[in-house]
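Q: Please take a close look at a single part of the model shown here, and set out in one connected account how that part is packed and what surrounds it.

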Amino acid sequence: MQRLHTPHVVVVMGLAGTGKTTIGPLLAARLGVPYAEGDDFHPPANIAKMTAGTPLTDEDRWPWLDAIGGWAHGRAGLGGVVSSSALKRSYRDRLRAAAPGVVFVHLTGSRELIEDRMSQRQGHFMPTALLDSQFATLQPLEPDEAGVAVDVAGTPEEITERAVHALEDLPEPTR
């Protein structure tokens, strides 16, 4: 399997249950760059809210996004992969403000597929009950945003391969 090297910092984004935590490390390995788990940047209060089934507010998300943006900024020119739901344009704008060269891999899929995957997860703090709020919040990538949409049907390896091929068509990142 060929490894693609890239100076891109890639944010693997999407709804809970799309496979960010599975695809992120696989993509990082293929790109030959480090991976950072976006959930690890959440403060304990955010995790407690989500565990209780309470959706986060924008105010809850700003410090989390700033922490992810700081990590991405530190990887500029070196490359890296980090996961983040990044469901709203304003969240992605905040990440780009910290790290202007980031690109997004938006993992997409049907509600049925995502709900099925969420219901099979073990030990994750995000309950299936929050899926409706995630779909309601989602603002897909817009044409002026650097990124690609990748369907999550299939095996993790197939999804990663689609992401790698989609990223190959993106221009080199700006700093």
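A: The account below follows one helix, its neighbours and the sheet beside it.

This is a predicted model, in which local features need pLDDT of at least 70 and side-chain atom pairs count only at pLDDT 80 or more, while totals for chains, interfaces and linings use all residues. Residues are numbered from 1 along each chain as its sequence is written, and side-chain values use heavy atoms, with hydrogens and water left out.

The protein chain has an average pLDDT (the predictor's confidence in each residue, from 0 to 100) of 88, and 87% of the residues score at least 70. Residues 1–5 remain under 50, and the model gives them 12 contacts beyond four places in sequence, a contact being heavy atoms within 4.5 Å. Where pLDDT is low, the predicted coordinates should not be read in detail.

The part chosen is helix H4, residues 89–98; helices (H or I, at least four residues) and strands (E, at least two) are DSSP runs numbered from the N terminus. Arg 89, Tyr 91, Arg 92, Leu 95 and Arg 96 are buried in H4, where buried means under 20% relative accessible area, exposed over 50% and partly exposed in between, with a 1.4 Å probe and protein chains only. Viewed down the helix axis, the buried residues of H4 fall within an arc of 160° and so line one face of the helix, the arc being that of the directions from the helix axis to the C-beta atoms. These buried residues pack against strand S1 (9–13), H3 and strand S4 (103–108).

On the H3 side, Tyr 91 and Trp 62 make an edge-to-face aromatic pair, with 5.8 Å from centre to centre and 80° between the planes, and a search of the whole structure finds one such pair. Rings of Phe, Tyr and Trp (its six-membered ring) count as a pair if their centres lie within 6.5 Å, with planes under 30 degrees apart stacked, over 60 edge-to-face and the rest tilted. Because Trp 62 lies in helix H3 (residues 58–74) and Tyr 91 in H4, the pair ties together parts that are 29 residues apart in sequence. Tyr 91 is buried at 2% relative accessibility, whereas Trp 62, at 22%, counts as partly exposed.

Ahead of H4, Ala 86 lies in the loop between strand S3 (80–83) and the helix. Its phi is near 45°, a positive value in a residue other than glycine, and Ala 86 is buried at 0% relative accessibility.

S4, which the buried residues of H4 also meet, is mostly covered, with five of its six residues buried. It runs parallel to S1, joined by four bridges, and the bridge partner of Val 11 in S4 is Phe 104; two strands pair if DSSP finds at least two bridges between them. S4 also pairs in the parallel sense with strand S5 (residues 147–151), over five bridges, and Thr 108 stands opposite Asp 151 in S5. These strands belong to an open sheet of five, ordered S2-S3-S1-S4-S5 with parallel pairing, whose edge strands are S2 (35–36) and S5.
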